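This report looks at a pocket, at how some helices pack, and at two points of backbone geometry. Please have the sequence and the structure at hand while reading.

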Amino acid sequence: MSTQAPTVDGTSDAVTPPGPSGPTDRRAGRGPGRGPVRPGTLVKIALMAVVNALGVFGILAAWREGSMGILVSMVALVAVADWVYFSRRSLPMKYILPGLAFLLVYQVYVVAYTGFVAFTNYGDGHNSTKEQAVEALLIQNERRVEGSASYPLTVVERGGQLGFAVVEDDEALVGTADQPLAAADGATVEDGRVTQVPDATVLSRQEILARQAEVTALRVPVSDDPNDGSIRTQDARTGFVSTPSLTWDPEADTMTDVATGTVYRATSEGWFQSDDGQRLNVGWRVMVGFDNFRTAFGDERYAGPFLRILVWTFAFAIGSVVTTFLLGLFLAITFNDTRLRGRKIYRTLLIFPYAIPGFLAALLWSGLLNRSFGFVNQVLLGGAAVPWLTDPWLAKLSVLGVNLWLGFPYMFLICTGALQSLPSDVLEAAKVDGASAMRTWRSVTLPLLLVATAPLLISSFAFNFNNFTLIYMLTGGGPRFADASVPLGHTDILISMVYSVSGLDGTAAKNYGLASALSIVIFVIVATISAITFKRTKQFEEIS
């Protein structure tokens, strides 16, 4: 049934009332119900499927490694992502969540974990849990059981790990470094030796010779109890049982030397120590409070170099920002003059140093400034032997000079952009008021320029404060301090000091706890200076 609606010419059109058989959606092609799914929805589902797959992979990896903190964080991130992108009530979060997630993972988590490590003794000898330290000590202090039998041994590979297959009482046993010996169902034994294992590959003689060091260093536990010993081999054909020369008493929390009877007791410092002060060489991580900070500022080995390096770090960062900014500003003003011909060509040439990777440029300058065969000494100075990188003061001057060459194109670009964005009406008003060129520059142009460039100057200061690449590639921190017992030098900045103290350069024992404490100090310094400077930039806004 239809109703008639009058029209302008007096006729009537039939109007179909809404109902079960009528259209319910005004969008074309939808018809009754929800209609076809939009392509954008399909893309969103596909992308979220990838995100969830990656999240599940990370969760399983964290579960396998026993990292419950990372596991919980991954579950929370995946759950929040699903809720945000499948909910109609969280439109702003759809844009904020990716950046927020990266901020939490790569900034907040890193700073928080570094802060945690700063209060531990993490480093050489203290890089594991107590249970892992006990296991390592028992493995490292082994001796062959006197009168023990030898086993026909076969080297196998299972799941990417080397393992041993032995025959005991006509039964084939297979194990790896992580899996104790266990019966291997379906294994083939010929002439008292295992020749085939269903879930493993038997290595040939050539393969064994290629991996000889791994085979002779391999220890396969006999059982889950470390005190029962492990199977070892010297010729990849015969295995023997070796047992620890130390015994572990979990109830008394002691390690006892079987040969001498010396008892080593667990201490709060993460060591097993005897009554006469001797320590076993493997410890574990423990909380040490502010000990690392006391070492950094109280131990003469680090306190003396730290103060000198801190002063040089500030001088280097401030000097780099000032010199690059002044040179970049000067060039920007020069090439911003419309009367200068060929401005585009000059500007392009000035950007070339900025296009070269920083680490490569530092290496090139290290060769150019070499005292013996560098281009600067041999060609430009006619064979002089100027110690650009080996004299303390010249090395610092060289670092500032190379950084000036690397950094002025960036300042030139931002100053050029800032100058071209200055409001012309303000400059015209100053000219009408009779202000001289110098007065206009000091009272109008410079304040407006600093408002635009101040945040970038702060970021440049923070970058140069931690400019590890330049120092490491150009001077390596040298020349070394003559009166310091640690491998630190005159051009080291705080971040390169952290690298040396951490032991990653191979010149000292690894001490991640102390390095993390110094990293926290750097973070506090940079954050404080940045906050103060950002607050001061408001004065320029008030002037403008």
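## The largest pocket

In this predicted model, 17 residues line the largest pocket, and those that lie nearest its centre are Leu419, Leu427, Thr440, Trp441 and Thr445. Helix 12 (392-420), helix 13 (424-432) and helix 14 are the elements that each give two or more residues to this lining. The volume of the largest pocket comes to about 580 Å³, and its lining is made up, by class, of nine nonpolar, six polar and two charged residues.

## Helix 8 against helix 14

Helix 14, which contributes to the pocket lining, spans residues 437-465, and its axis comes within 10 Å of the axis of helix 8 (residues 300-335), with a crossing angle of roughly 140 degrees. Angles over 145 degrees would count as roughly antiparallel and those from 65 to 115 degrees as roughly perpendicular, and the two helices are therefore oblique to each other. The hand of this crossing is right-handed.

On the side of helix 8, the contact is formed by Thr313, Phe314, Phe316, Ala317, Ile318, Ser320, Val321, Phe325, Leu329 and Ile333, while helix 14 brings Trp441, Leu449, Leu450, Thr453, Leu457, Ser460, Phe461, Asn464 and Phe465. Sorted by class, the contact of helix 8 with helix 14 holds 14 nonpolar and five polar residues, with no charged residues. Trp441 thus appears in the contact with helix 8 and is also one of the residues that lie nearest the centre of the largest pocket.

## Helix 8 against helix 12

Helix 8 also meets helix 12, another of the elements in the pocket lining; here the axes come within 6 Å and cross at roughly 45 degrees, which makes helix 8 oblique to helix 12. The crossing of helix 8 with helix 12 is right-handed. The residues of this contact divide by class into 17 nonpolar, eight polar and one charged.

## Backbone geometry in two loops

Two loops hold backbone features that deserve a separate note. In the loop between helix 15 (468-474) and helix 16 (494-502) lies Pro479, and the peptide bond that leads from Gly478 to Pro479 is cis, its omega being near 0 degrees.

The other feature concerns Asp170, which sits in the loop between strand 5 (161-168) and strand 6 (171-176). Although Asp170 is not a glycine, its phi is positive, at about 60 degrees.

Methods. Residues numbered from 1 in each chain as written. Predicted model: local features only at pLDDT ≥ 70, side-chain atom pairs only at ≥ 80, totals over all residues. Heavy atoms only, no water. Axes fitted to C-alpha atoms, helices over the stretch in contact; angles between N-to-C directions. Helix = DSSP H or I, 4+ residues; strand = E, 2+ residues; numbered from the N terminus. Parallel < 35°, antiparallel > 145°, perpendicular 65-115°, else oblique. Left-handed = near helix turned anticlockwise from the far one by under 90°. Contact = heavy atoms within 4.5 Å. Nonpolar A, V, L, I, M, F, W, Y, C, P; charged D, E, K, R; others polar. 1 Å grid on protein atoms, 1.4 Å probe; cavity = no way out; pocket = protein on both sides within 12 Å on 5 of 7 lines; lining within 4 Å. Points joined across faces, edges and corners; volume = space filled by probe spheres on them.
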